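Please open the structure in your viewer and keep the selection tool at hand. The tour below proposes one selection after another and says what is to be found at each stop.

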Amino acid sequence: MRRKNNTKSKIIIISNRLPVTVSKRKGTLKVQQSPGGLATGLQAIRKEKEAIFIGWPGYWPVNNKEKRFIENNLIYHHQCYPVFIPPTEINKYYYGFANRTLWPLFHYFSTYCAFEKSEWETYKKVNQRFFQKVIKLAGPEDIFWIHDYHLMLLPSLIREAFPQSSVGFFLHIPFPSSEVFRILPWRKEVLEGLLGADLLGFHAYEYVRHFLSSVLRLLGYEHEFGAIQVGNRTVKAESFPMGVDFQQVEELLEKPSIKNEIDKLKDEMWADKKKIILSVDRLDYTKGIPQRLKGIELFLEKNPKWHNRFTYIMLCVPSRTKVNYYSLLKEEVDSLVGRINGRFGRLGWVPIYYIYRFLPFEKLMPLYSVADVALITPLRDGMNLVAKEFVACKKDNRGVLVLSETAGAAAELGEALLVNVNNREDMADALLQALEMSEEEQVRGMEFMRKRLFENDVFQWARSFIEEIKEVKKMQAHCEHRKLNEEWGKRLICDFKKSKNRLLLLDYDGTLISFTKKPEQAKPDVELIRILLSLANNPGNTLVIVSGRDRKTLEQWLGEVPCGLLAEHGAWIRRSPDHEWEKHKGLSGEWKEQLKPILKNYEIRVPGSLVEEKEYGIAWHYRNANPELSQLKSSELFDYLIEFLANTDLQVMHGNKVIEVRVFGIDKGNGLMPWLSKNKWDFILAVGDDWTDEDVFKVLPSTAYSIKVGYGQSQARFYLESPKATRNLLVELTKIQK
Ligand code: GDG
């Protein structure tokens with residue numbers, strides 16, 4: 001029964017719910033399509049990709065025989081591998097942590113959240129259960145695609161077991177602002193769990209932004225265009241708005257049984273010329289159902305002329321009925337519907353048809369098809385597929401979508417009437433506008449939306465996600481390829497041996513020595529001085545220390561080494577100990593007096609940060625400050641300085657946890673010209689870790705060995721992990737004394 005395939009890669013889709021659910025009625029087991037938006041997406045992936053599914057079947061077997069029976073059925077008929085979870089664990093993991101903690105928190109209902117340690121523990125345990133199933137079925141070559149908030153610890157569990165594997169994670173609900181996310185007591189564990197993936201997908205760019213800022217604020221990892229460096233691995237966060245199966249909708253609309261159903265509905269509903277308003281939701285507090293009903297009540301109060309001229313079909317599917325807030329919501333909705341129907345209904349007309357059950361998609365389509373207006377007004381929604389399905393069903397381009405601006409779908413469906421659900425007036429006005437909209441206007445909006453949905457259907461969504469995982473893997477492989485590995489190390493040493501005129505350009509902080517809490521603590525140790533002396537004393541070598549530090553410090557710390565020095569990123573150079581310091585032409589430091597108070601102000605406002613004054617530059621360091629605050633303040637200061645210094649000859653640089661201002665044209669590459677312009681070098685090595693070292697890498701000939709210390713984008717040909725690795729390389733070079 002176990003399928004283990006280590007030779008060929010396959011896609012493994014892992015989600016809490018399988019695309020099918022098992023239930024037992026009157027002693028008979030039944031397998032049905034699972035409800036909800038995620039299941040809709042999974043069905044689509046399975047149409048296109050060769051994939052297997054791992055997930056909870058929604059049922060706990062009574063004995064082993066039943067368990068085996070279910071397993072066989074699901075595996076052979078549905079490519080689904082069930083993870084059986086005992087009811088006690090389901091209570092704490094699914095109804096508990098997933099739906100009483102994560103769901104409300106991620107939808108900004110923080111007051112609905114329970115923070116129960118035992119539920120969190122069970123959540124971890126169930127993630128482990130999924131992991132155990134995964135390792136039984138998977139091989140390291142497989143592509144893992146994990147879905148949704150129930151399994152946020154699984155990416156890192158898989159990463160540990162298969163370090164080279166391709167892991168994608170997609171969140172179907174919003175990722176909240178970091179201010180809200182940080183409320184979670186286990187926030188770091190959750191983020192670390194997610195960062196085990198190579199690619200993290202979200203429905204909207206806004207959620208990506210929130211995720212990245214949580215990662216920065218809570219774990220201190222910065223990002224570059226959505227790429228986060230986690231150790232030696234690049235992790236990407238991107239938005240992939242999920243679409244619908246447009247083609248299936250078109251085909252189903254042609255199916256005789258559905259056509260008949262549509263005609264029947266039209267006869268029934270349109271006979272008395274009433275307009276049809278439709279909503280379709282799980283009965284969930286995030287869907288804004290009471291708010292919508294109150295909007296309709298106000299609409300009825302304000303527009304008596306519309307009485308008896310429309311019918312609102314409100315389809316609610318029962319959901320998470322075991323969670324307290326859901327049963328309270330049910331009571332509230334029942335009473336509001338009763339109140340409105342009681343107040344405005346009359347013989348022959350009730351404004352609201354309230355249906356409380358699940359309808360299969362084929363039954364939904366005729367409703368979408370005949371509805372004049374869809375009222376999709378969640379308070380928060382990751383995407384909302386119902387809105388998209390409604391548009392996809394509007395083959396004749398007629399119909400109006402009223403959509404809440406806080407649904408992920410609003411980012412793509414800008415032609416809809418966008419509303420603020422909490423504003424009853426806004427809701428009532430939008431409904432009136434929708435009911436009275438001219439056909440011309442309806443068609444104009446619908447056409448645009450349909451075109452967009454046609455192009456970005458659910459297959460495009462799945463394809464682009466899987467393709468992007470592969471891209472991230474390529475990016476990682478490229479990075480791995482750039483590593484100065486043993487083979488390249490040997491080549492470097494061999495070229496070093498063969499050459500006679502070598503130029504060695506070494507940055508100091510972060511390259512030869514690790515960062516310290518305070519800049520003045522990064523004095524060279526005995527070992528470093530020994531290495532530098534040995535390199536500098538080799539007659540074949542010309543050694544230059546290329547630093548952003550001031551010349552006094554460099555001289556104090558490295559004065560005994562017979563090497564060249566470049567200080568303040570090239571504002572000063574000392575060609576050799578026999579030379580005087582030379583200043584870059586036309587430099588003046590008077591401007592610093594104007595900037596000092598601004599930077600000092602930041603030093604006071606951001607505890608742990610400090611201002612460093614150089615002769616021709618001034619810098620604000622924030623390495624030891626709170627990452628959250630310093631990220632915010634550094635961007636603020638950077639933006640401010642850029643504007644403040646526009647039209648001057650000063651430039652602002654955002655380096656590694658430092659913002660520095662210096663005179664334009666001063667950079668390490670320019671500063672090195674006195675050495676680089678000599679054409680005698682048959683070997684050049686340049687090592688640096690920072691943004692400012694890129695100016696050196698840029699001006700080197702392509703044969704030079706340029707090495708970046710640390711990961712991330714760089715113009716350097718190679719990279720090394722740490723200052724320690726740099727030293728190891730240099731020690732090897734000291735062994736060649738010619
Ligand atoms: C989550 C996120 C995100 C079928 N019968 C009924 C029914 N269906 C199908 C609909 C639609 C799906 O269920 C509902 O999807 P939604 O996207 O509207 O909402 P959630 O279930 O909350 O889904 C959501 C989605 O995942 C996908 O990523 O868009 O933001 O919350 O395909 O055809 N739906 C309802 N009643 C039925 O009788 N409500």
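The stops run from the domains through the sheet and the cores to aromatic pairs and single backbone angles.

**Domains**

Keep in mind throughout that this is a predicted model. Begin by colouring the chain according to its division into domain 1 (11-239), domain 2 (246-455), domain 3 (482-584 + 666-734) and domain 4 (592-663). Then select domain 3 and domain 4 together: their centres, taken over C-alpha atoms, are separated by 26 Å, and the contact takes 21 residues from domain 3 and 17 residues from domain 4.

**A hairpin**

Next, select residues 20-25 and 28-33, which are the strands β2 and β3; these run antiparallel and are joined by 6 bridges. V20 can serve as a point of orientation here, since its bridge partner in β3 is Q33. Between the two strands of this hairpin there are 2 residues, and K26 takes a positive phi near 50°.

**The open sheet**

Move on to the sheet of 6 strands, an open one with parallel pairing, in which the order to follow across the screen is β14-β13-β12-β15-β16-β17. Its edges are β14 (352-356) and β17 (417-419), each of which pairs on one side only. From one strand to the next, the twist averages 20°.

Within this sheet, select β12 (residues 275-282) and β15 (residues 373-376), a parallel pair joined by 2 bridges. In that pairing, L278 stands opposite A374 of β15.

Now add helix α12 (residues 324-344), which packs on the sheet and touches β13 (310-317) and β14, its direction making about 155° with that of β14. Helix α15 (residues 424-435) should be added as well: this helix lies across β12, β15, β16 (400-404) and β17, and runs at about 170° to β17.

**Two nonpolar cores**

Which residues touch the most other members of the largest nonpolar core? Select I14, F130, I158, L200, F211 and L293, which hold that position among the 106 residues of this core. Helix α3 (residues 87-106) gives the most to the core, with 10 residues. Domain 1 (11-239) and domain 2 (246-455) both contribute residues, and the core therefore lies between them.

To look around one of these residues, centre the view on F130 and display its contacts: leaving aside residues up to four places away in sequence, F130 touches I14, S15, N16, I54, G55, W56, V83, I85, Y93, L151 and L154. Apart from this core lies another, of 73 residues, which includes F240, I262, I276 and V386.

**Aromatic pairs**

Turn now to the aromatic rings, for which a search of the whole structure finds 40 pairs. One to select is Y112 with Y325, a stacked pair with 3.9 Å from centre to centre and 10° between the planes. The two rings link distant parts of the chain, 213 residues apart, with Y112 in the loop between α3 and α4 (117-137) and Y325 in helix α12. Y112 counts as partly exposed at 27% relative accessibility, and Y325 likewise counts as partly exposed, at 31%.

Then select Y508 and W557, whose ring centres are 5.9 Å apart and whose planes stand at 45°, so that the pair is tilted. This pair also links distant parts of the chain, 49 residues apart: Y508 is in the loop between β18 (502-506) and α19 (526-537), whereas W557 belongs to helix α20 (residues 551-558). Are Y508 and W557 buried or exposed? Y508 is buried, with a relative accessible area of 0%, and W557 is buried too, with a relative accessible area of 10%.

For a larger group of rings, select Y93, F97, W120, Y123 and W186, which form one aromatic cluster.

**Positive phi angles in loops**

The last stops are single residues. Select Y108, which lies in the loop between α3 and α4 and has a phi near 70°, a positive value in a residue other than glycine. Y108 is partly exposed, with a relative accessible area of 29%.

Finish at N384, in the loop between β15 and α14 (385-392), where phi is near 90°, again a positive value in a residue other than glycine. N384 counts as buried, because its relative accessibility is 6% and the cut-off for buried is under 20%.

Note on methods:
Residues are numbered from 1 along each chain as its sequence is written. This is a predicted model: local features need pLDDT of at least 70, side-chain atom pairs count only at pLDDT 80 or more; totals for chains, interfaces and linings use all residues. Side-chain values use heavy atoms; hydrogens and water are left out. Two strands pair if DSSP finds at least two bridges between them. Helices (H or I, at least four residues) and strands (E, at least two) are DSSP runs, numbered from the N terminus. Axes are lines fitted to C-alpha atoms, for helices over the stretch in contact, and angles run from 0 to 180 degrees between N-to-C directions. Contact means heavy atoms within 4.5 Å. A nonpolar core is a set of buried Ala, Val, Leu, Ile, Met, Phe, Trp, Tyr and Cys residues joined through side-chain atoms within 4.5 Å. Buried means under 20% relative accessible area, exposed over 50%, partly exposed in between (1.4 Å probe, protein chains only). Domain bounds come from an automatic or database domain assignment. Rings of Phe, Tyr and Trp (its six-membered ring) pair if their centres lie within 6.5 Å; planes under 30 degrees apart count as stacked, over 60 as edge-to-face and the rest as tilted.
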